[in-house]
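These are my notebook entries on a structure that I looked through piece by piece. I wrote each one down as I went along.

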Amino acid sequence: MTQIAAEQKKEARRFAKKWAKDVKEDGNTAPFWLSLLGDVLGMEHPEDYISFEDAVKHEEKGSSLFVDAWIPSTRVIIEQKNTDAPLDKKYMRHGRRLTPYEQAFEYDQTQPVDQRARYIIACNFHEFWIYDMNEPEAFRKPIKLELQDIPEHYDQLNFLVDKASKPTDIKEVKISVKAGELVGKLYDALHAQYQNPSDTESQKALNVLCVRIVFCLYAEDAGIFGGVDQFRHYLERWKWENARDGLIQLFKVLDTKKEDRDPYLREDLAAFPYVNGGLFSDEHIEIPRITEEIYHIICDDMSRGFDWSAISPTIFGAVFESTLNPETRRKGGMHYTSIENIHKVIDPLFLDDLKKEFDTIVSVPYEQKFITRRKEITMRVDYRRKLLAFQERLAHLTFLDPACGSGNFLTETFLSLRRLENKAINELLGKQQVLDVIDPIKVSISQFYGIEINDFAVTVAKTALWIAESQMMQETEDIIHKELNFLPLKTNANIHEGNALRIDWNDIIPASQLSYIMGNPPFVGYTYQEEEQKEDIKNIWVDEKGKPYKACGKLDYVSCWYFKAAQYMQRTSIRAAFVSTNSITQGEQVASVWKPIMERFRIHIDFAWRTFRWDSEASVKAHVHVVIVGFSYLSDKKDKVIYDGEHARKATNINPYLMDAPTVFIESRTKPICEVPCMISGNRPADGGHLILSKEEMNELIKVEPFSQNFIKRFMMGKEFLNGIPRYCLWLVNVSPEILHKMPYVMKRVELCREDRLKGAPDRQKLAITPTLFRETRNPAKYIAIPVVSSEKRRYVPMGYLNGDTIAGNKLFIIPDATIFHFGILEANVHMAWMRTVAGRLKSDYSYSKNIVYNNFPWPNLTPAQKARIEKTAQGILDARKLYPNDSLAALYDDLTMPQELRKAHQENDKAVMEAYGFNWRTMTEPECVQELMKMYVKLTEAENAKSGKVTKYRKPKVETNAYPVAAEHLAAYGHKK
């Protein structure tokens, strides 16, 4: 958790505690909301952001309507009540009884259409009922948030200050997680009863048994079985000693058609419907003894004590899988992708367009005054025809998730399509009681395809889709006022078990019949890949001749899904979007992944989410920094969009670095592209730790061998450089054998170094002939040192000057004889923006690279005056550091504690460098800055290629305006005026 998030959570706790008492509306509305906006959500000057007691004249009644609070920028209306006022109760207002929501809605209807509320909140200090006004009135149900939930879920109120945020139903989340906990309890109790629970077949049987029991529990609560609590009542007719026999008989009946059953079947068994779908088809699965504990878990905890009909199938499928998956259980916690994050993929991929299409249809009025009856009928028929065509379009879309896991992407997509279809059905219904069709539903789970390597996850994914189908059918029944038949289940054979990288996707669904590919393939860096995964990569990443690409040994596992999708999508209109670790859009992997995909398969990027933290909604959070990339083969006029935090920007071209810039590949080069000093790596000791000394070891060595002091130097890796940690080394370059033999303690360390090297790989063994020396012996008189790895939380990578008294280790890059001018350019925000875009990552930290970052960086052409100014501002940075001699670079460059003098010095240097490039530091944003640098890079490479006879063509996008200035964003807070 970041420090800012921790502080917000702390403030949220204070807020919830302060307002937990009984509160009256009068006099407390403004303090309550100002505190929520300012203290909890971090808004500066919230009093300028929200207004209270706005009034409007009611034309019909001739009186004024008041709204308790109004937030214009996010278009939120708030109707406030006392804590003792239920939010579903009707209160007298202007001679009518209205709920708080209806009161706010009445006010909202007096406003111009383009100024009406996006959200209406009914609040009584202890509860927030949030109404999404984009939902049609028939589907508008409140999302409910309680005051006591705010410390853990304050982010659900971000929509008050951020247009891009949406509230979600945390009650649904809590119910689904609780369901997962109950499944875990059942799992553990059953697991203990198996004779050999580690046996593969027993494990599968246990998993299937849990799925079946949960389906029965859901079916009785959702009314699918017919009778209330039918499953529990059935089990309770058996004693716990015989409950195993009862389950075996029930599972057989659920898999048998009514006409094929024993006519003399017990009444309670005969009352159960035929389920089908394959869920109960294996009658011989291993079922252990049902103990009294298991019996009470099922009947009391899971049936009598819990309502399964309210679970979210999207969330529950993944929670269910992680609860019963031995690997995830060992790691602890329940892991699932939040619905909000799923929508970051599916909304720009297809759902936004479908919603716009529906809104366009329903926004055309078919009832107008002063038109003929014949024309009105024609318009009604046309309106109905468009809605039916839209419904047919939904029913013919097909979706593939080639790493579907428990099916959460497929399930949420199905729910989203069915909600849209229900809106269309509602419009088609009009004033009729029922539609003149037997079954108005056309969208089916048969449109959804998945591939998953884990057999149990396949079962869970199918079950989650069935539950989703059941829930949406009930919503349709509420619209048409008619019962529909959910059972028997339709066979859902479209979720396939297998390794998606070794299956021809055309065997699952021909590419010509598919609309969209989506998902969240596994994140495995090449360091952590198992042999089978490395083999997958070699089999996928092959060129036209069938030979593996050179770089395939260093690719992330997720890249295989991009390659295979691009290959599969050729000459089709399929669109795809995957969640991926951000490593495939940074550093050397960019060229390795995207160059073959774009040049060989002619794929282009349609939309992208730049790096953000992908939180699994779990009891144990798993933070991964990811990107989302949407891509296709078909080129059309659809807007390209880059999402960056709260902002969405249209782009002319999205390159593999997810920038609105030319499609370039910053590939490794051994020398700088501009005429600047060469950067080299520091010295790798390769000594087994025997030539390296801690401060205590150094003092001890000098104590017993004083002469050794002449051959000891300060030693720094990145950690020591940044944190000021004292560390030393024996630097024995050019020391004569005679002198060495006079230092037996030093010689002992040298001998140990030789022995360690002899135990290593062949290249390390060669170093054993020079055991007095590091692998490299670079010790320039003066140089700039740059840490290889630096925290992403720093705005600037701390660099500094060192001299020959300090030996730089291999976790530092060094630039011998670099001038103060070079230091000024490298420490400027322009270079940092470039680095943040093209550097690789170690976890989420920056991993600086000389061959990618430094050698490809476009330097400016300067006048002597510009150069002199940068030299002055660069010296200002060093002078500001000297004011804090006892502070490490890590402490000085912590963004929260950075001294004011140092920050101002950097800002002055930023301005000088930006102006030297011809950039406007007041308005230019970081993405725009990188965009211009990439244009410079294109010109430099074109000039370079021209000399060698090569010709390279790049797409050159227009410059688009961005949200964040590179320098100005940090200047205002420190007294600088624009």
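I began with the nonpolar cores of this predicted model, and I found that the largest has 124 residues. The residues with the most contacts inside this core are Ile517, Trp541, Trp594 and Ile786. I then looked up what Ile517 touches once its neighbours within four places in sequence are left aside, and the list includes Leu349, Leu400, Pro402, Trp505, Tyr568 and Phe578. Arg575 is also one of the residues in contact with Ile517. Apart from the largest core lies another, of 112 residues, and among them I noted Ile224, Phe320, Leu410 and Leu415.

Next I turned to a sheet. I found an open sheet of four strands, in the order β18-β26-β22-β24, and the pairing is antiparallel. Its edge strands are β18 and β24 (800-803), each of which pairs on one side only. I reminded myself that strands of a sheet pair through backbone hydrogen bonds, either parallel or antiparallel.

I stayed with strand β26 (residues 812-816) and asked how many of its five residues are buried. Four of them are, so the strand is largely enclosed by the rest of the structure. Strand β18 (residues 680-681) is joined to β26 by two bridges, and here Ile680 has Ile814 as its bridge partner. Strand β22 (residues 782-787) pairs with β26 over five bridges, also in the antiparallel sense. In that pairing I found Ala785 opposite Ile814, while Tyr783 has Pro816 as its bridge partner.

For a helix I chose α32 (residues 926-948), which has 23 residues, and I checked its length against the expected rise of 1.5 Å a residue. The helix should span 33 Å, and its end C-alpha atoms are 33 Å apart, which agrees. I then listed the buried residues of α32, among them Pro927, Cys929, Leu933, Tyr937, Thr941 and Asn945. What covers the buried residues of this helix includes two strands, β16 (640-644) and β17 (647-651), and two helices, α27 (829-838) and α31 (900-917). I kept in mind that an α-helix has 3.6 residues a turn, so residues three or four places apart point the same way.

I also looked at Thr29, which has its place in helix α2 (residues 29-40). Is Thr29 buried or exposed? Its relative accessible area is 9%, and because buried means under 20%, Thr29 counts as buried. Leaving aside its neighbours within four places in sequence, I found Thr29 in contact with Phe52, Gln80 and Phe125.

For a contrast I went to Asn710, in the loop between α21 (695-704) and β20 (712-716). Asn710 has a relative accessibility of 53%, and because exposed means over 50%, this residue counts as exposed. Its side chain reaches the backbone oxygen of Phe707 at 3.1 Å. I noted as well that Asn710 and Leu730 are 20 residues apart in sequence, and that their C-alpha atoms are 9.3 Å apart in space.

My last entry is on cysteines. I recalled that a disulfide is a covalent bond between the sulfur atoms of two cysteines, and I asked how many disulfides a search of the whole structure finds. The search finds zero. I looked up two cysteines for their accessibility: Cys210 is buried at 0%, and Cys299 is buried with a relative accessible area of 2%.

Note on methods: Residues numbered from 1 in each chain as written. Predicted model: local features only at pLDDT ≥ 70, side-chain atom pairs only at ≥ 80, totals over all residues. Heavy atoms only, no water. Disulfide = S-S within 2.5 Å. Buried < 20%, exposed > 50% of the residue type's maximum accessible area, 1.4 Å probe, protein only. Expected span 1.5 Å × (residues − 1). Contact = heavy atoms within 4.5 Å. Pairing = 2+ DSSP bridges. Polar contact = N/O pair within 3.5 Å; in protein donor to acceptor, adjacent residues only side chain to side chain. Core = buried A, V, L, I, M, F, W, Y, C linked by side-chain atoms within 4.5 Å.
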